[in-house]
Amino acid sequence: MLRRRRAELMLVTTVFLWAFNFTVTKYVLEHGFKPLAYSTVRYGAATVIFTWFTYGAERSFRVRRRDLLLIVVAAALGIWLNQISYVYALTYSNASTIALILGATPIFTAIIAFAIGLERLHGRFWLAAGVSFAGVALIAFGKPGGVSGSLKGDLLGIATAATWAAYTVAIAPLMRSYSPYRISALVLAIGWVAVAATGFTQTTDQSFDFSGLVWLCLVYATLGPLVLTNILWFKAVDRVGPSRATLVANLQPFIAAIIALVLLSETMSWLQVVGGVLIGGGIFLARRRRSADPKLIEQHAE
């Protein structure tokens with residue numbers, strides 16, 4: 001019982017660390033950090049810390065040569081494309097809006113797994129997908145003041161969800177052969193190289209004359225959502241199982257939206273609230289049907 005309670009505490013802590021990161025990222029982007037410069041610095045620091053931790057635990061990063069291509073693909077999807085989409089989504093749109101849109105990530109994951117033949121999806125799931133995507137549409141078009149000002153950000157939010165879903169599917173075969181820490185360390189390192197190359201101009205032009213609060217936010221965004229959550233999440237999954245862990249993790253977008261509304265004084269229309277409810281309802285419907293599927297793929301999303 002004590003072991004399970006500790007695991008549940010790890011899950012709750014992880015979810016809140018992820019959820020708070022939307023507000024933190026939006027804040028630093030509004031207070032001087034350029035999007036790609038922020039990602040370059042953040043992921044560079046996280047790569048150093050997490051690879052040090054992983055090497056201390058495993059003493060090796062060796063993987064089979066035939067798995068290297070899949071790791072590179074996973075890095076491109078999970079770090080490079082996903083992170084670029086994420087920071088620019090938060091640049092152009094509200095943190096609460098993007099958080100709710102990312103609630104549809106499990107639906108994207110199932111569709112991608114179905115498209116490449118890893119899952120069987122039934123009628124209930126497609127109904128659930130339709131409900132969730134209707135929720136995404138309401139979130140985008142129900143924004144106070146209209147959609148035109150942040151349509152770009154909302155589309156990038158959808159891209160963030162889709163790329164993380166693709167990453168989730170891509171690393172699933174690797175998790176059967178290697179520890180999650182080794183895969184995460186390699187993906188972080190390779191993905192950071194791509195992010196750094198893409199953001200080289202912004203990083204070299206970036207002024208680092210920030211307030212103490214911005215630097216504190218950067219430290220949090222590096223150590224919390226990237227380093228500590230990787231450790232806590234996988235330890236918790238090992239103790240309570242992926243189904244229970246992912247059920248808790250699905251609360252993250254809704255908690256993130258509430259935090260952003262409170263701390264950033266963002267506004268949300270009743271249509272967006274309905275959209276968030278539809279996304280949550282769609283995930284619930286999808287999980288009830290997919291829970292009996294032996295090929296279910298589950299993984300966290302940031």
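Q: Which helix holds L2, and where should we look for it?
A: In this predicted model, L2 is found in helix α1.

Q: Why is L2 called exposed?
A: Its relative accessibility is 54%. A residue counts as exposed when that value is over 50%, so L2 meets the criterion.

Q: How far is L2 from G56 in space?
A: The two C-alpha atoms are 27 Å apart, with a separation of 54 residues in sequence.

Q: T14 is found in helix α1 too; what makes it buried?
A: T14 has 0% relative accessibility. The limit for buried is under 20%, so T14 is classed as buried.

Q: Which residues does T14 contact, beyond its neighbours within four places in sequence?
A: The contacts of T14 are with T229, L232 and W233. As for V136, it is 122 residues from T14 along the chain, and their C-alpha atoms are separated by 24 Å.

Q: How do you know that S39 is buried?
A: S39, which lies in helix α2, has a relative accessible area of 1%. Set against the limit of under 20%, that value makes S39 buried.

Q: What does S39 touch, once neighbours within four places in sequence are left aside?
A: S39 is in contact with G44, Q83, V87 and V195.

Q: Why is α2 called oblique to α3?
A: The axes of α2 (residues 35-58) and α3 (residues 65-92) cross at roughly 130° and come within 9 Å. That angle is not under 35 degrees, not over 145, and not in the range 65 to 115, so it falls into the remaining class, oblique. The crossing of α2 past α3 is right-handed.

Q: Which residues make the contact of α2 with α3?
A: From α2 come P35, L36, Y38, S39, R42 and Y43, and from α3 come I79, Q83, I84, V87, Y88 and T91. By class, these residues are eight nonpolar, three polar and one charged. R42 is part of this contact, and Arg counts as charged.

Q: What is notable about phi of R59, in the loop between α2 and α3?
A: Phi of R59 is near 60°, which is a positive value in a residue other than glycine. R59 is found in the loop between α2 and α3.

Q: What makes R59 exposed?
A: The relative accessibility of R59 is 58%. The criterion is over 50%, so R59 counts as exposed.

Q: Where does S265 lie, and why is it called exposed?
A: S265 lies in the loop between α12 (252-263) and α13 (270-290). Its relative accessibility is 60%, and the cut-off is over 50%, so S265 is exposed. Phi of S265 is near 55°, a positive value in a residue that is not glycine.

Q: What makes α5 oblique to α7?
A: Helices α5 and α7 (residues 151-171) pack at an angle of about 50°, and their axes are 8 Å apart. Roughly parallel would need an angle under 35 degrees and roughly perpendicular would need 65 to 115, so α5 is oblique to α7. This crossing is right-handed.

Q: Which residues make the contact of α5 with α7?
A: T105, F108, T109, I112 and A113 belong to the α5 side, while α7 gives I158, A161, A162, W164, A165, A166, T168 and V169. The contact has ten nonpolar residues, three polar ones and no charged residues.

Q: Which residues of α5 are buried?
A: In α5 (residues 105-115), the buried residues are T105, I107, F108, T109, A110 and A113. Just after α5, G117 takes a positive phi of about 85°.

Q: Which residues have the most contacts inside the largest nonpolar core?
A: They are F22, V28, F33, Y38, L90 and I98, in a core of 41 residues. Helix α1 (residues 2-30) gives the most to this core, with seven residues. Another core lies apart from it, with 37 residues, including L11, Y181, L186 and I231.

Q: Which residues does L90 touch, not counting those up to four places away in sequence?
A: L90 touches F22, T25, K26, L29, A95 and I98.

Note on methods: Residues numbered from 1 in each chain as written. Predicted model: local features only at pLDDT ≥ 70, side-chain atom pairs only at ≥ 80, totals over all residues. Heavy atoms only, no water. Core = buried A, V, L, I, M, F, W, Y, C linked by side-chain atoms within 4.5 Å. Buried < 20%, exposed > 50% of the residue type's maximum accessible area, 1.4 Å probe, protein only. Helix = DSSP H or I, 4+ residues; strand = E, 2+ residues; numbered from the N terminus. Contact = heavy atoms within 4.5 Å. Axes fitted to C-alpha atoms, helices over the stretch in contact; angles between N-to-C directions. Left-handed = near helix turned anticlockwise from the far one by under 90°.
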